[in-house]
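Thanks for sharing this one with me. Below are a few friendly comments, set out as numbered points so that you can follow them with the model open.

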Amino acid sequence: KNKNFSIQDAVQKMTSRPAAVLHIDRGLIKEGAAADLNIFNLQDVKALSTYEEPEQLSKGFKYVMCGGKIVVEDDHFLGRNGGQLLRK
């Protein structure tokens with residue numbers, strides 16, 4: 001059965017819902033929260049990885065922020081790691 005849902009529902013299923021299940025403070029945009037954000041135009045997003053080249057980055061991301069640091073800008077990885085290991 002093919003079940004369609006909105007981009008808003010898709011984002012929520014990948015962010016705040018799993019974070020809530022794991023009881024971690026992630027997945028919501030609010031004051032004081034970790035700034036893990038993706039800024040993109042849905043029509044521009046394209047997956048480029050294949051089985052032969054699994055490390056190919058996707059296209060269409062204006063900004064990717066991890067922990068408040070910009071790590072991708074205009075589809076280019078900036079060589080920074082803003083993330084951190086989350087422990088429950």
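1. In what sense do S1 and strand S2 (residues 61–66) pair, and over how many bridges? The pairing of these two strands is antiparallel, and 4 bridges hold the count. One bridge to look up joins Phe 40 to Phe 61, the latter being the partner in S2. Please keep in mind throughout that this is a predicted model.

2. It helps to place that pair in the whole sheet. The sheet is open and built from 4 strands, which follow the order S1-S2-S3-S4 with antiparallel pairing. At its edges are strand S1 (37–40) and strand S4 (76–77), each of which pairs on one side only. As a general reminder, strands of a sheet pair through backbone hydrogen bonds, either parallel or antiparallel.

3. Next comes the pairing of S2 with strand S3 (residues 69–73), which is antiparallel and again runs over 4 bridges. Here Tyr 63 is found opposite Glu 73 of S3. The two strands make a hairpin, with 2 residues between them. In that turn, Gly 67 has a positive phi of about 60°.

4. Which residues other than glycine deserve a look for their backbone angles? One of them is His 23, whose phi is positive at about 55° although the residue is not a glycine. You will find His 23 in the loop between H2 and S1. Its relative accessible area is 68%, and because the cut-off for exposed is over 50%, His 23 counts as exposed.

5. Asp 74 is another non-glycine residue with a positive phi, in this case about 50°. It belongs to the loop between S3 and S4. Is Asp 74 buried, exposed or partly exposed? With a relative accessible area of 38%, Asp 74 is partly exposed.

6. My last comment is on the largest pocket, which has a volume of about 680 Å³. Its lining comprises 23 residues, and those nearest the centre are Val 11, Thr 15, Asp 36, Leu 37 and Asn 38. Two or more lining residues come from each of helix H1 (7–14), helix H2 (16–22), S1 and S2. Sorted by class, the lining of this pocket has 18 nonpolar residues, 3 polar and 2 charged.

Key: Residues numbered from 1 in each chain as written. Predicted model: local features only at pLDDT ≥ 70, side-chain atom pairs only at ≥ 80, totals over all residues. Heavy atoms only, no water. Pairing = 2+ DSSP bridges. 1 Å grid on protein atoms, 1.4 Å probe; cavity = no way out; pocket = protein on both sides within 12 Å on 5 of 7 lines; lining within 4 Å. Points joined across faces, edges and corners; volume = space filled by probe spheres on them. Nonpolar A, V, L, I, M, F, W, Y, C, P; charged D, E, K, R; others polar. Buried < 20%, exposed > 50% of the residue type's maximum accessible area, 1.4 Å probe, protein only.
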